[in-house]
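Here are my notes from going through the coordinates you sent. I have kept them as numbered points so that you can follow along in your viewer.

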Amino acid sequence: MSKNPSLKIYAIAYLIFLYAPIALLPVFAFNDSRVIAFPLAGFTTNWFAEMWADNQLFKAFRNSLTIATTSAVIATALGIFAARASTRYKFPGKGGVLGLIMLPMVLPEMIISMSLLVVLIAVGVPLSIFTIILGHVLICTPFAVAILTSAFQSLDRSLEEAAYDLGESPASTFRLIILPLVMPGIISSLLICFTISLDEFIIAYFLGGNQSVLSVYIFGQFRFPAKVPAVMALGFVLVCISVCLLTIAEYFRRRGIAKTGGKDTGGFL
Amino acid sequence: MTTEKSNMIEFRDVHKYYGDYHALRGINATIRAGEFFSLLGPSGCGKTTLLRTIAGFEDISSGAVMIDGKNMANVPANVRPTNMVFQSYAIFPHLTVEENVGFGLRRDPRSKEEKAMAVAEALEMVGLKGYGKRAAHALSGGQRQRVALARALILKPKVLLLDEPLSALDKKMREQMQVELIKLQRQVGITFILVTHDQEEALVMSDRIAVMFEGQIAQLADPETLYRRPASRKVADFIGTMNFLPAQILSDSGATVEVEAAGFGRMSLSPDQVMGSPSAEGATIGLRPETLTILFEGQAATDREVLGTVEEVVYYGDMTYYDVKLDGASSPMRLSMRNVPGRPVLDRGAKARLGWSPGAVVLFR
């Protein structure tokens, strides 16, 4: 579009800066050397085997998966209630309540984790996966509310009334009309909350007790140079999973738009 | 089957408040079974709110809404014998045309085949035969409108509610749908209640019209009465065009009212031409543009005649509108003439003889 070559160079440099480090992950994940440096030594899949055999890593991975899934489901469910309330009902103090729900989005995580830690210890709740989930739901819910509010807002109110008018109960109207139409929003919300929870570090570190999660585990492994190639392999696996999830999300989003005849206004890809 | 004369809807002193805002201010009206009824008024007059109280989407603050003799208090929308065509059509975008039309039959105990037959019949009735498998969102505005109609009529409601259903269509399509709706209403015999702000649409389609202003019914009558004998200046102004002139009431014997207006002179009017009760504000006479005729050379007035000067000429092809200032009157009168072959179009500044008849005059007190 632009005839200015410096803008083109800037754009390319920007993309390299953004993606080159990620491109290095598979390179060193398959490199047959414990030292992360060029020149490359040869092809190996040993690091994947090592990663697979690592029990602690496996446990951390399973913990992360449990936490991310649970947090995403709870935050999205809460988000549905909040988004529905904010788009359909008027009640006193609505602005304040919604503001408080959205606040954790801009609040430093450090403050959230510290205050949660103080409260949890004071109340006597033992630190575990459960406490991490509590923290993650807190930071994920604003994102879920933001995504779902826009999904609920684009819903024509007369669709609900039409279903009601045609004999359906409020509950069946929600199930037959509202839910299918906001489903793309729900899937987006689930995926984004899942991702936020999966790579969250501070809350997981503060509130995890002796339960390790993936982000904390990876950070810990960098203290041992010998372990780094296996972490690279793990990183590569995570990138692959992310790309898969993103593709699935985009597929559902586009299918949702095509089905309802809406106009495509951006998205992930 | 209800007879032609029975009442389908009855509003008994219906009030509706939104907080402090008094949206409906004592509505009393009856809508007969099988008639095409319109609620007409400017935006914000409460016509849509009134329609929604029939559907059950709005609770009323006081009074009663009766449908077919039953009080609808505490009867939720999903069990009322009414169905609605929404302004936005509210077609379910994730379903096919067939699924949309058959949506209301979900709780119907009939077999799948019978339901499919009913859907096909409904689609044929609105002229969408063979469209069943299409995705609803891929339809044009006019087609969506038909799907909405079929979806509402398939349940054979006692009353069909139409909330400005034609406002989103272009002029040609709108005129076509007006005729189709009238035909459809005669065919199914269901009471249709239409909300519209378009006075022409209401006049064309309705058996009777309720004109609403500020939460009240200003006049409820058939189209001709509404046009020829509007109950107030406001109604007259909202429906079509009317010329207003200040007038003096000279005498009122009960059988005839003697009136004098600048430019027109004295006239005697019968009681049915006199609207409203005597007030201190002073009287006004009203004349529709087509009740004033320009008399061309050799033409004699059928009744009475006044002289004036043409101030403005607006040519519309089939019609020409003139603003003519009468000798002795202060403001010009708007009149319309059909452009028939051989009839000249007058220029600005031309002198004109106007023919008129006291029988076409309405007096607002």
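Where in chain A does A:Leu107 lie?

1. A:Leu107 sits in the loop that runs between α4 (94-102) and α5 of chain A. Please keep in mind that this is a predicted model, here and in every point below. With a relative accessibility of 35%, A:Leu107 counts as partly exposed, since the partly exposed class runs between 20% and 50%.

2. A:Leu107 also belongs to a nonpolar patch on the surface, together with A:Leu100, A:Leu103, A:Met105, A:Val106, A:Met110, A:Ile111, A:Met114 and A:Phe143. Together these residues offer about 830 Å² of accessible area. Helix α5 (residues 109-123) of chain A gives the largest share of the patch, with three residues.

3. Moving to chain B, the domain assignment splits it into domain 1 (7-228) and domain 2 (241-365). Taken over C-alpha atoms, the centres of domain 1 and domain 2 of chain B are 39 Å apart.

4. Chain B has an open sheet of four strands, and their order is β2-β1-β4-β5 with antiparallel pairing. At the edges you will find β2 (21-32) and β5 (70-71) of chain B, each of which pairs on one side only. Inside the sheet's order, strand β1 (residues 7-18) and strand β4 (residues 62-67) of chain B are joined by five bridges in the antiparallel sense. If you would like a residue to start from, B:Phe11 stands opposite B:Val65 in β4(B).

5. Next come the aromatic rings, with a count of 15 aromatic pairs over all chains. One of them is B:Phe57 with B:Phe86, a tilted pair at 6.0 Å centre to centre and with 35° between the planes. B:Phe57 is in the loop between α1 (47-55) and β4 of chain B, while B:Phe86 is in the loop between β6 (82-85) and α2 (97-101) of chain B, so this pair ties together parts that lie 29 residues apart in sequence. B:Phe57 is buried at a relative accessible area of 15%, and B:Phe86 is buried too, at 3%.

6. Another pair worth a look is B:Phe264 with B:Trp356, which is edge-to-face: the centres are 4.8 Å apart and the planes make an angle of 80°. This pair links distant parts of the chain, 92 residues apart: B:Phe264 is in the loop between β12 (257-261) and β13 (265-269) of chain B, and B:Trp356 is in strand β20 (residues 351-356) of chain B. The relative accessible area of B:Phe264 is 4%, so this residue counts as buried. B:Trp356, at 2%, is buried as well.

7. Chain A has an aromatic grouping of its own. Ring pairs join A:Phe30, A:Phe43, A:Phe48 and A:Phe236 into a cluster.

8. Over all chains, the structure holds 21 salt bridges. The side chains of A:Glu168 and B:Arg106 form one, with N to O at 2.8 Å. This pair crosses between chains, from the loop between α7 (157-165) and α8 (170-198) of chain A, where A:Glu168 lies, to the loop between α2 and α3 (112-125) of chain B, where B:Arg106 lies. Buried or partly exposed: which word fits A:Glu168? A:Glu168 is buried, at 1% relative accessibility, whereas its partner B:Arg106 is partly exposed at 38%.

9. Within chain B, B:Glu10 forms a salt bridge with B:Arg12, and their closest N and O atoms are 3.1 Å apart. B:Glu10 counts as partly exposed at 24% relative accessibility, and so does B:Arg12 at 39%.

10. The side chains of B:Glu35 and B:Arg208 also meet in a salt bridge, at 2.9 Å from N to O. Here the partners are 173 residues apart: B:Glu35 is in the loop between β2 and β3 (36-40) of chain B, and B:Arg208 is in strand β9 (residues 208-213) of chain B. Both B:Glu35 and B:Arg208 are buried.

11. Finally, do look at the salt-bridge network that links A:Glu161, B:Lys16, B:Arg52 and B:Glu58.

Key:
Residues numbered from 1 in each chain as written. Chains lettered and ligands numbered in written order. Predicted model: local features only at pLDDT ≥ 70, side-chain atom pairs only at ≥ 80, totals over all residues. Heavy atoms only, no water. Domains from an automatic or database assignment. Patch = residues over 30% accessible without salt bridge, like charges linked within 9 Å, V, L, I, M, F, W, Y side chains within 5 Å. Areas by Shrake-Rupley, 256 points an atom, 1.4 Å probe, with all protein chains shown as cover. Salt bridge = Lys/Arg side-chain N within 4 Å of Asp/Glu carboxyl O. Helix = DSSP H or I, 4+ residues; strand = E, 2+ residues; numbered from the N terminus. Buried < 20%, exposed > 50% of the residue type's maximum accessible area, 1.4 Å probe, protein only. Pairing = 2+ DSSP bridges. Phe/Tyr/Trp six-rings, centres within 6.5 Å; stacked < 30°, edge-to-face > 60°.
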